[in-house]
Amino acid sequence: MSRREGSLEDPQADSSVSLLPHLEAKIRQTHSLAHLLTKYAEQLLQEYVQHQGDPFGLPGFSPPRLPVAGLSAPAPSHAGLPLPERLRLDAAALAALPPLLDAVRRRQAELNPRAPRLLRHLEDAARQVRALGAALETVLAALGAAAHGPRPEPPATATATAATAAGVFPAKVLGLRVCGLYREWVSRTEGDLSQLVPGG
Amino acid sequence: KETPYDLKCTTNNLQKWDCSWKAPSGASRGTLYEFCIDDRSHSCYHLARTNIEIPALSPGDHEITISLQDAGSSTSKFILNEKNISLIPDTPEILNLSADFSTSTLHVKWNDKGSVFPRHSNVIWEIKILWKKSMELVKLVTHNTTLNGKDTVHHWSWVSDLPLECAIHYVGIRCYVDNLLFSGHKEWSDWSPLKNISWTPDSQPKVFPQDKVILVGSNITFCCVSQEKVLSAQIGSTYCPLIHLDGENVAIKVHNISVSENSGTNVVFMIEDNVCGTVVFAGYPPDTPKKLNCETHDLKEIICSWDPGRSTGLVGPRNTSYKLFEGFSGKYVRFKKVDVSANESYHQLLLQMVPNQEIYNFTLYARNPLGRSESTILVNITEKVYPYTPTSLKVKDINSTAVILSWHLPGSFGKINLLCQIEINKINSVQESRNVTIKGVENSSYRIAVGKLNPYTVYTFRICCSTETFWKWSKWSNKKQHLTTEAIPS
């Protein structure tokens with residue numbers, strides 16, 4: 001898939017981009033993966049909350065949406081951005097998530113060593129979001145919309161380290177935040193990709 | 001009054017008396033006085049003030065004469081006796097006040113200045129702890145020491161209920177010298193200047209203590225150090241009344257805390273569109289390990305197992321760690337429970353046998369952040385052999401009524417005898433079992449002849465072993481079927 005097989009960037013291009021069959025398949029596949037991970041991400045968030053103890057999960061308990069270095073929530077303006085820009089932002093977020101999810105898993109392995117399911121789902125999430133990010137990068141490249149230059153080392157690693165050093169409660173809240181961001185970005189990616197899926 | 005009056009003497013070290021009197025009316029500032037003590041040396045002092053420090057006088061009455069110089073008959077006489085003297089020790093001074101915030105412990109250090117006292121004396125120190133800017137008294141405690149003629153530095157520590165970060169803490173100290181030989185009046189010294197400890201808050205609200213591990217049933221105070229108003233606080237899902245400290249700092253008291261979940265019990269303070277919190281881990285110290293048993297399968301490796309007893313409620317880094325120590329050899333091996341082990345009640349440790357050592361004196365130490373316990377067991381390991389399952393059972397004919405059974409049984413049994421059970425099954429016949437004693441070997445290969453069989457008959461053999469000093473039978477080997485040869489026609 002070296003030659004660009006369709007371009008999102010070309011202003012003259014027909015808005016309904018005519019895509020080659022295997023690129024369309026790749027987009028469908030990536031979209032399906034995003035759809036699947038959106039469901040998993042919701043389950044992970046619920047499962048995570050259940051293992052942190054009250055008041056997590058109780059109505060009225062809404063810890064602040066802490067800033068996470070290298071990964072912010074999708075901006076309200078995200079939906080208004082051009083599709084390529086949105087997909088690039090999605091890809092950047094997906095790239096930042098694995099080290100964060102790993103840090104959350106490591107902390108949960110200390111706090112909830114007898115919750116192997118939660119730990120396994122956190123591990124799966126990091127792997128799956130890495131795969132989704134890679135797939136999205138491939139689609140972007142094929143569409144000639146990839147981000148220019150190498151992606152900077154996700155500073156999220158700094159937050160991951162901070163998560164390890166933080167007290168238990170801030171670490172629980174940060175974990176909740178990361179799981180929330182994971183759900184938001186995967187769901188956002190699914191939405192953005194759906195506009196690429198013919199008939200989507 | 002026309003003559004000096006109201007003579008009072010005190011002492012702060014039993015060696016010197018500080019005496020002072022009131023000047024007669026009309027005496028000017030520069031008036032000169034003569035102060036005389038009616039003792040053997042009839043010592044007199046001339047001075048231009050109304051106080052004097054004299055060596056402590058011996059027990060009994062002493063006549064003191066105070067007269068104004070150049071003023072004719074302006075003289076007063078006093079009877080001075082140790083009984084009228086007040087022993088008021090010097091105001092003590094706190095050398096150092098430090099804090100261990102992680103344990104909410106204050107450490108106080110002071111010097112008792114024992115060198116100024118001639119004789120051994122009992123001293124009662126009173127230490128007061130105040131907190132908050134309003135200096136509320138929170139603790140008053142006495143501490144007894146003995147003056148021994150030299151300056152001695154004393155240490156005293158106190159654990160605050162309230163985390164030290166939550167409010168400024170002040171400490172003061174005073175003393176009372178209870179010298180039994182001193183017949184005068186004894187009084188407390190003045191309080192020392194207060195020393196204080198405070199924590200420098202940063203911009204973010206913070207809750208203390210952080211991630212503490214405590215005993216189930218404890219009472220504990222949490223606090224939130226905040227610049228903004230705290231709206232509410234809860235432990236788990238239970239709301240708690242706020243105790244207001246300095247500024248916007250607040251505290252809550254939790255009584256008789258119950259055991260925490262694995263990830264700990266959350267303590268949360270709600271601030272305007274913000275939340276801050278901590279986690280507390282309420283659990284138990286390790287139970288005394290039960291059913292401690294040490295045995296070996298092969299006289300090479302010793303396996304000690306035990307039942308940890310009651311769950312501590314603590315997991316992960318706060319989990320119980322075990323150390324198995326062998327007293328004769330000094331060897332030890334550690335064990336950190338792997339939490340995912342489904343079987344909560346079975347723990348095991350392996351230790352290599354010490355060459356030529358049969359008797360083992362094991363102590364199993366259990367330890368977690370809340371305490372420790374231990375169990376011991378003394379074993380002669382040769383009497384605790386639980387052999388592996390015999391394998392590679394083979395049957396070889398000797399003749400039509402006898403066979404050789406051979407099998408493999410791992411273990412260094414060269415110095416002991418084995419006891420094995422051979423189960424012989426003949427179709428449609430009663431099962432037969434034979435016990436045989438076999439010399440143990442180092443190379444794990446065993447063979448034995450089994451006779452009194454019927455020719456041309458299908459037998460099923462299986463075997464299990466233990467040691468002559470019986471401990472446990474091994475599991476049965478696999479069964480081995482064999483057809484004996486036909487008898488040679490006679």
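Analyst: A strand here is a DSSP run of E with at least two residues, and strands are numbered from the N terminus. By that rule, B:I54 belongs to strand 5 (residues 51-55) of chain B. Please keep in mind that this is a predicted model.

User: Why is B:I54 called buried?

Analyst: The label buried needs a relative accessible area under 20%. B:I54 has 0% relative accessibility, so it counts as buried.

User: Which residues does B:I54 contact, apart from its neighbours within four places in sequence?

Analyst: B:I54 is in contact with B:Q15, B:K16, B:W17, B:C19, B:F35, B:I37 and B:Y45. Each has heavy atoms within 4.5 Å of it, because that is what contact means. One of them, B:C19, is 35 residues away along the chain, and the C-alpha atoms of B:I54 and B:C19 are separated by 7.6 Å.

User: What makes B:T363 buried?

Analyst: Its relative accessible area is 10%, and the cut-off for buried is under 20%. B:T363 sits in strand 31 (residues 359-368) of chain B. Setting aside residues up to four places away in sequence, B:T363 touches B:K323, B:L324, B:F325, B:E374, B:S375 and B:T376.

User: Why do the side chains of A:R127 and A:D124 count as a salt bridge?

Analyst: The rule asks for a side-chain nitrogen of Lys or Arg within 4 Å of a carboxyl oxygen of Asp or Glu. For A:R127 and A:D124 the N to O distance is 2.9 Å, so the pair passes the 4 Å limit. The two residues are 3 apart in helix 3 (residues 116-142) of chain A, which puts about one helical turn between them.

User: Are A:R127 and A:D124 buried, partly exposed or exposed?

Analyst: A:D124 is buried, at 18% relative accessible area. A:R127 has 46% relative accessibility and counts as partly exposed, because that label covers values between the 20% and 50% cut-offs.

User: How do you know that the span of helix 3 of chain A agrees with what is expected?

Analyst: The expected span is 1.5 Å times one less than the number of residues. For the 27 residues of helix 3 that gives 39 Å, and its end C-alpha atoms are 39 Å apart, so the two agree. After helix 3 comes A:G144, which has a positive phi near 70°.

User: What makes helix 5 of chain A largely enclosed?

Analyst: Of the 27 residues of helix 5, 20 are buried, so the rest of the structure largely encloses it. Helix 5 (residues 168-194) reaches 39 Å from its first C-alpha to its last, close to the 39 Å expected.

User: How many salt bridges are there over all chains?

Analyst: The search of the whole structure finds 19. In one of them, the side chains of B:K77 and B:E63 meet at 3.5 Å, N to O. This pair links distant parts of the chain, with B:K77 in strand 7 (residues 75-81) and B:E63 in strand 6 (residues 61-68) of chain B, 14 residues apart. B:K77 is exposed at 55%, whereas B:E63 is partly exposed at 28%.

User: Why is B:K291 said to form a salt bridge with B:D307?

Analyst: Their closest N and O atoms are 3.7 Å apart, which is within the 4 Å that the rule allows. B:K291 is in strand 26 (residues 290-296) and B:D307 in strand 27 (residues 301-307) of chain B, so the bridge ties together parts 16 residues apart in sequence. B:K291 is exposed, at 68% relative accessible area, while B:D307 is buried, at 17%. Elsewhere, B:D6, B:K8 and B:K22 are joined into one network by salt bridges that share partners.

User: How many residues of chain B and chain A are in contact, and what area do they bury?

Analyst: 27 residues of chain B are in contact with 22 residues of chain A. The two chains bury about 1800 Å² between them, 57% of it on carbon and sulfur atoms. B:S263, B:N266 and B:V275 supply 25% of the area that chain B buries against chain A, more than any other three residues.

User: What kinds of polar links are found between chain B and chain A?

Analyst: The rule finds 0 salt bridges across this interface, but 8 residue pairs are in polar contact. Strand 24 (265-271) and strand 25 (274-283) are the elements that give two or more residues to the side of chain B that touches chain A. Strand 25 gives the most, with 7 residues. By class, this side of chain B has 9 nonpolar, 12 polar and 6 charged residues.

Terms used:
Residues are numbered from 1 along each chain as its sequence is written. Chains are lettered from A and ligands numbered from 1 in the order in which they are written. This is a predicted model: local features need pLDDT of at least 70, side-chain atom pairs count only at pLDDT 80 or more; totals for chains, interfaces and linings use all residues. Side-chain values use heavy atoms; hydrogens and water are left out. Helices (H or I, at least four residues) and strands (E, at least two) are DSSP runs, numbered from the N terminus. Buried means under 20% relative accessible area, exposed over 50%, partly exposed in between (1.4 Å probe, protein chains only). Buried area is the accessible area (1.4 Å probe) that two parts lose on being put together, summed over both. A polar contact is a pair of N or O atoms within 3.5 Å; within protein, one must be able to donate a hydrogen and the other to accept it, and residues adjacent in sequence count only if both atoms are side-chain atoms. Ala, Val, Leu, Ile, Met, Phe, Trp, Tyr, Cys and Pro count as nonpolar, Asp, Glu, Lys and Arg as charged, and the others, Gly among them, as polar.
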